[in-house]
Amino acid sequence: MLAKLSTRPAVRRCAVSAAVGLALVAAGLPAAASDGSGPDLTRFYRQKIVWSACQGDDMPKDLQCGKLTVPLDYTEPKAGTLDLALARYRATGKKRGSVLLNFGGPGGAGVPELAAGGDDFMGLTNGYDVVTFDPRGVGRSSPVSCGDGAAEASAATDESAAADDPRAMLNALRTAAAQCSKHSGPVLPHIGTVNSARDMDVIREALGDKKLNYLGFSYGTRLGAVYAAQFPKKVGRLVLDGVDTLTEPMSEQGVAGAQGQQTALEDFITWCAKDIACPFGQDPRDGREQVVHLVDSLDEDPVPTDFGQEFSGQDLVGAISQALYSKELWPSLERALGQLVEDGDTRGVMGFATGGAVFPVRGRTGGGLVDANDVPLDNLPAALMAINCADDPDRPAADTILKDLGRLRAEYEQASPVFGRYRLTELLMCYGRPKGTDFIRKDVHDVHTPKMLLVGTRGDPATPYRWTVETAQRLGSSAVVLDNKGEGHTGYASSKCVHLKVDSFLLYGSLPPTGSSCGPEEEDD
């Protein structure tokens, strides 16, 4: 799942805890185990956030920033810490607490998203401080990076290269995993949704809230569901929009994602072809073929960038995938692709997927916040891979991968001639990393919490509507589904109806009846 991006172009900026740690998580007792045998987390739960004006020319004047310290490893809280970057808009009406936002990803940094897209959430300030954070390994919160590892892995998974020497491909994937570890530092073994959800409970306490009120988009729905399973007695009003799967393996998620992105790309090309300025001409079928050719040609002959790195076809695929989730971004995507096709200028397309520094920071050792200008260029995709791999317990052996590779390649290529290889590389990138947790698949179900609202959009290219239904069934009677019959990734920003129902629930506890729906929004001419 890729990040739910703001519709404002300005912001384009794996080991898990041991079994004893998961036992404490399931207990929902934050400071220590009920028998007193667990690690003492009291000092983390007694923090108060010091808020001040956010620094930076692109930061709104009324946005405040702060930080919070959490354990690197919840099973050994004395072994090290890291700081989380936070931001908030203060409540303007009668305050009833805070609502915490996660914009998706995994790998999406919350602070720059709220800075750019805060207008969408101003209605919630009638009752809440609207708060977000950069999760561990993301943005300013000890950001992970793979250096050149991801590019090397992508090159190794090229069909011809893999066919010539499949064992060499696996060796390259293992080398890429080592590069990610080298560039990411001590946070990498402790990244993942299980620990991030524990971080959210520390944030909840520091905000002074007895219950967590939460609005999560896309991957943020996985994070919210895991929190509900870990801390059911701490759940307040919880909304999940663009609901992620809790059960499908990464191999199946990747195919579904490629299919959805291909559909969104074809819709974009059809829309673009109506404009005389479309870089792919006025024939949609020919335009789709031109995109495939452009990706292939950039993979064969990458172009240089202002950052000193090369821009490949797979880099282009990653950038396009970010821009397709909102139709409001399509005009900017059309212009950026025109710059690339006509002038070889990569700056526009790179802006959809990257932000921060131009070079990865090697060998991180400290846990303090990094400067916004020092966030690695590849942080979003590096964090996406690290978190997804940490959340997935499947690690097929080398022989199994080699046996299944031909079938997988055919399935992904059939799903999308543009996004298939990119999504397959994401799957293969888990090879060489530690096995992920099985907590999400095994333990996130039948949660005993207050009612929560799940929003599924029928035309969502990233999180199929069926995932909303399946996740609601898995979470149990607490889950109430709102059926958004519109298009696009998530519903809050694109549907006035969804927006109103979500705000009404968060602000007033007014929950729509099960089976409620929102009709498709009419587009302006």
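**Thr 346**

I began with Thr 346, which I found in the loop between helix H12 (330-343) and helix H13 (347-350). I was working with a predicted model. Is Thr 346 buried or exposed? Its relative accessible area comes out at 4%, so I noted Thr 346 as buried, the cut-off being under 20%. I then listed what Thr 346 is in contact with, leaving aside neighbours within four places in sequence, and obtained Val 303, Pro 304, Thr 305, Phe 311 and Leu 340.

**The sheet**

Next I traced the sheet, which is open, has 10 strands and runs in the order E1-E2-E3-E5-E4-E6-E7-E10-E11-E12, with mixed pairing. Strand E1 (52-53) and strand E12 (517-518) are the edge strands, and each of them pairs on one side only. I looked up two helices that pack on this sheet. Helix H7 (residues 193-206) touches strand E2 (64-71), E3, strand E4 (98-102), E5 and strand E6 (212-217), and its direction makes about 125° with that of E2. Helix H19 (residues 496-508) also packs on the sheet, where it touches E4, E6, strand E7 (235-241), strand E10 (452-459), strand E11 (479-487) and E12, with a direction at about 170° to that of E7.

**Strand E5 and its partners**

In which sense does E5 pair with E3, and in which with E4? Strand E3 (residues 81-89) and strand E5 (residues 129-133) pair in the antiparallel sense over four bridges, whereas E4 and E5 pair in the parallel sense, also over four bridges. Val 131 in E5 serves as a reference point for both pairings: Arg 88 stands opposite Val 131, and Leu 100 stands opposite Val 131 as well.

I then checked which way the residues of E5 point. Asp 129, Val 131 and Phe 133 point one way, Val 130 and Thr 132 point the other way, and all are buried. This fits the general pattern that, in a regular strand, side chains alternate between the two faces of the sheet. Because five of the five residues of E5 are buried, I recorded the strand as largely enclosed by the rest of the structure.

**Helix pair H15 and H16**

For helix H15 (residues 398-415) and helix H16 (residues 420-428), the axes come within 9 Å and cross at roughly 150°. The cut-off for roughly antiparallel is an angle over 145 degrees, so I entered H15 as roughly antiparallel to H16. Their crossing is right-handed. In the contact, Ile 401, Leu 405, Leu 408, Arg 409 and Tyr 412 of H15 meet Gly 420, Arg 423, Leu 424, Leu 427 and Leu 428 of H16. Sorted by class, the contact of H15 with H16 has seven nonpolar, one polar and two charged residues.

**Helix pair H4 and H6**

The axes of helix H4 (residues 149-156) and helix H6 (residues 166-184) come within 8 Å and cross at roughly 170°. I therefore described H4 and H6 as roughly antiparallel to each other. On the H4 side the contact is made by Gly 149, Glu 152, Ala 153 and Ala 156, and on the H6 side by Met 169, Ala 172, Leu 173, Thr 175, Ala 176 and Gln 179. The residues of this contact divide into six nonpolar, three polar and one charged.

**Backbone checks in the loops**

Which peptide bond did I note as cis? The bond from Gly 105 to Pro 106 is cis, with omega near -5°, and Pro 106 is found in the loop between E4 and helix H3 (110-117).

I also noted positive phi values in residues other than glycine. Ser 142, in the loop between E5 and H4, has phi near 50°, and with a relative accessible area of 6% Ser 142 is buried. Ser 218 has a positive phi of about 55° and is found in the loop between E6 and helix H8 (219-230). With a relative accessible area of 0%, Ser 218 is buried.

**Pro 520**

My last entry concerns Pro 520, in the segment after E12. Its relative accessible area is 56%, so I entered Pro 520 as exposed, for which the cut-off is over 50%. Not counting residues up to four places away in sequence, Pro 520 touches Lys 485 and Gly 486. How far apart are Pro 520 and Ser 494 in space? The C-alpha to C-alpha distance is 9.5 Å, while in sequence Pro 520 and Ser 494 are 26 residues apart.

Methods:
Residues are numbered from 1 along each chain as its sequence is written. This is a predicted model: local features need pLDDT of at least 70, side-chain atom pairs count only at pLDDT 80 or more; totals for chains, interfaces and linings use all residues. Side-chain values use heavy atoms; hydrogens and water are left out. Buried means under 20% relative accessible area, exposed over 50%, partly exposed in between (1.4 Å probe, protein chains only). Contact means heavy atoms within 4.5 Å. Two strands pair if DSSP finds at least two bridges between them. Axes are lines fitted to C-alpha atoms, for helices over the stretch in contact, and angles run from 0 to 180 degrees between N-to-C directions. Angles under 35 degrees count as roughly parallel, over 145 as roughly antiparallel, 65 to 115 as roughly perpendicular and the rest as oblique. A crossing is left-handed if the near helix is turned anticlockwise from the far one by less than a right angle, and right-handed if clockwise. Ala, Val, Leu, Ile, Met, Phe, Trp, Tyr, Cys and Pro count as nonpolar, Asp, Glu, Lys and Arg as charged, and the others, Gly among them, as polar.
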